[in-house]
Amino acid sequence: MKIILLAAGRSVRMQPIADKNFLCFLGKPLIIHQIEALIKADFNEILVMGGAHNLARLKKEIVAHGFTKAKISFKEQEKLELGMAGAILSAKSFIKKDPFLVMSSNDVVDQSAYELLRKNIKKGEGMLLAKRVEKYFPGGYLKTDSRNKIQKIVEKPGEGKEPSKLVNIVMHFHPDSQVLLETLEKISSRCDDRYECALQKLFDDGVTYRAVPFLGFWQPVKYPWHIVSLMNYFLGGIKSKKSKSVKIAKSATIKGEVYLEDGVRVLENAVIIGPAYIGKNTVITTNALVRQSHIGANCVIGFGSEVARSFVGNGVWTHTNYIGDSVIGDDVSFGAGVVTGNLRLDEKNIMVHINGYKLDCGSNKFGLVTGNHIRVGINTSFMPGIKVGSNSFIGAGIVVDQDIPESSFVTGQWDLKIKPNKEKIAPRKDL
């Protein structure tokens with residue numbers, strides 16, 4: 001079966017994360033994990049749809065991985081504003097007259113989802129994979145009849161107004177590509193979502209599309225905090241491993257499932273509590289503590305630092321720091337004493353600014369999110385849910401309580417007030 005893998009998004013809601021396709025989990029970019037899952041399910045004719053901003057890198061990463069069990073081609077989606085409709089129309093020469101599956105590179109599911117789709121393919125019937133949810137999710141809900149035939153997609157209906165418990169996942173099987181393409185071309189450009197409008201036209205015309213309820217793991221990667229959830233999914237599947245090149249001090253402690261890549265060093269009195277992943281050539285130094293975290297390659301988790309439940313990119317350096325429930329990009333250096341706050345005083349859920357709005361991240365613990373190439377001075381503190389853009393310098397001894405745009409140089413004001421001391425200091429008796 002032909003697959004269109006959508007990877008052209010600009011990750012606007014993920015900022016300051018540049019492109020979620022290239023987030024590395026267990027040493028491989030997310031886009032590679034997605035293609036591996038497709039090939040494992042015997043989907044071996046794949047078109048990767050990228051944009052002008054990322055197609056070259058997508059091709060480089062995928063070609064370098066050396067896939068041999070699939071025919072993988074690439075296409076640029078020129079009009080990104082047309083969304084899924086634009087991607088599918090751009091893929092006409094690939095689709096031809098064949099049935100196909102369209103999916104997002106940023107909808108991560110476990111392997112059972114692909115098996116479920118294959119099992120439910122019926123001649124002449126379309127399918128939309130749908131996650132059965134128990135609590136409200138701000139996505140598109142499927143209104144269906146008693147036989148799961150889809151009647152309508154209701155976008156973000158609001159809690160209590162859901163037409164069902166089935167949330168649309170971008171894994172859609174189209175049995176009649178010609179009908180879909182013709183419908184897409186006829187839909188007015190004034191429609192906010194031409195692809196969804198085309199689907200609704202097909203539903204209204206009596207074309208059968210069924211919802212396939214899915215109970216397994218699903219994580220859409222739309223907001224920065226979703227990276228932590230996805231990290232936990234990948235960490236949940238690891239088994240302890242260490243290569244011959246790994247060096248662990250006798251006084252170090254390693255508990256649980258911990259995956260140590262080549263060249264890792266764990267120094268005296270360091271502690272790693274799994275599940276945890278430590279990337280190539282990373283050093284966990286004396287008295288450092290890493291727990292339930294994903295550490296990239298070529299990092300130094302410095303003396304006395306604690307990294308807890310955090311995703312840390314490549315080339316990150318710490319020294320006597322606390323990094324909690326955070327998402328840290330590549331090439332980030334923290335001066336001594338830097339702390340990321342991850343819990344409000346009132347212990348309510350952390351609110352994060354996204355495109356001018358405050359959104360609830362769904363947890364009362366969420367720390368710092370950074371882009372790449374950032375330097376932070378000593379003794380600086382970050383309030384929960386703060387984001388720092390790439391290529392920025394954050395000065396020493398300040399509290400950062402607002403988002404920092406990329407390419408910023410941030411300093412604070414210090415006012416020393418000196419006055420006479422009227423209190424007498426009694427000498428200690430034991431001196």
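The paragraphs below lead through this predicted model, from an enclosed strand to the helices around it and on to two single residues.

Strand S6, which spans residues 100-104, is a suitable starting point. Five of its five residues are buried, so the strand is largely enclosed by the rest of the structure. In a regular strand the side chains alternate between the two faces of the sheet. In S6, Phe-100, Val-102 and Ser-104 point one way, Leu-101 and Met-103 point the other way, and all of them are buried.

Which strands pair with S6? Strand S1, residues 2-6, pairs with S6 in the parallel sense over five bridges. Within that pairing, Ile-4 stands opposite Val-102 of S6. Strand S11, residues 166-174, pairs with S6 in the antiparallel sense, here over four bridges. His-174 of S11 stands opposite Phe-100.

S6 is also among the elements packed by helix H5, residues 112-120. The buried residues of H5 are Ala-113, Tyr-114 and Leu-117. They cover an arc of only 100° around the axis, which puts them on the same side of the helix. An α-helix has 3.6 residues a turn, so residues three or four places apart point the same way. On the other side of H5, Glu-115 and Lys-119 are exposed. The buried residues of H5 pack against helix H1 (30-40) and against strands S6, S7 (107-109), S8 (126-132), S11 and S12 (209-214).

Helix H1 leads on to helix H2, residues 55-65, against which it packs at an angle of about 55°. The axes of H1 and H2 are 10 Å apart. The angle makes H1 oblique to H2, and the crossing of the two helices is right-handed. On the H1 side, Ile-31, Ile-32, Ile-35 and Glu-36 take part in the contact; they meet Leu-58, Glu-61, Ile-62 and His-65 of H2.

Two of the H2 residues in that contact, Leu-58 and Ile-62, are buried, as is Leu-55. These buried residues cover an arc of only 60° around the axis, which puts them on the same side of H2. The face turned away from this buried side carries the exposed residues Ala-56, Lys-60, Val-63 and Ala-64. Besides H1, the buried residues of H2 pack against strand S4 (45-50) and strand S5 (71-76). Just after H2, Gly-66 takes a positive phi of about 75°.

A further pair of helices is formed by H6, residues 177-186, and H7, residues 194-204. H6 and H7 pack at an angle of about 120°, with their axes 9 Å apart. What does this angle make of their relative orientation? The two helices are oblique to each other, because the range counted as roughly perpendicular runs from 65 to 115 degrees and roughly antiparallel means over 145. The crossing of H6 and H7 is right-handed. In H6 the contact involves Val-179, Leu-180, Thr-183, Leu-184 and Glu-185, which meet Arg-194, Tyr-195, Ala-198, Lys-201 and Leu-202 in H7.

A hairpin is made by strands S9, residues 140-144, and S10, residues 150-155. The two run antiparallel and are joined by five bridges. Tyr-141 has Val-154 in S10 as its bridge partner. Five residues lie between the strands of the hairpin, where Asn-148 takes a positive phi near 65°.

Two single residues complete the account. Ala-87 has its place in helix H3, residues 83-90. Is Ala-87 buried or exposed? With a relative accessible area of 1%, Ala-87 is buried, because buried means under 20%. Not counting residues up to four places away in sequence, Ala-87 touches Leu-6, Met-49 and Gln-77. The C-alpha atoms of Ala-87 and Thr-282, 195 residues apart along the chain, are separated by 40 Å.

Lys-255, in strand S16 (residues 253-255), counts as exposed because its relative accessibility is 51% and the cut-off is over 50%. Leaving aside neighbours within four places in sequence, Lys-255 is in contact with Ile-272, Ile-273 and Gly-274. Its C-alpha atom is separated by 49 Å from that of Leu-82, and these residues are 173 apart along the chain.

Key: Residues are numbered from 1 along each chain as its sequence is written. This is a predicted model: local features need pLDDT of at least 70, side-chain atom pairs count only at pLDDT 80 or more; totals for chains, interfaces and linings use all residues. Side-chain values use heavy atoms; hydrogens and water are left out. Buried means under 20% relative accessible area, exposed over 50%, partly exposed in between (1.4 Å probe, protein chains only). Contact means heavy atoms within 4.5 Å. Two strands pair if DSSP finds at least two bridges between them. The arc is that of the directions from the helix axis to the C-beta atoms. Axes are lines fitted to C-alpha atoms, for helices over the stretch in contact, and angles run from 0 to 180 degrees between N-to-C directions. Angles under 35 degrees count as roughly parallel, over 145 as roughly antiparallel, 65 to 115 as roughly perpendicular and the rest as oblique. A crossing is left-handed if the near helix is turned anticlockwise from the far one by less than a right angle, and right-handed if clockwise.
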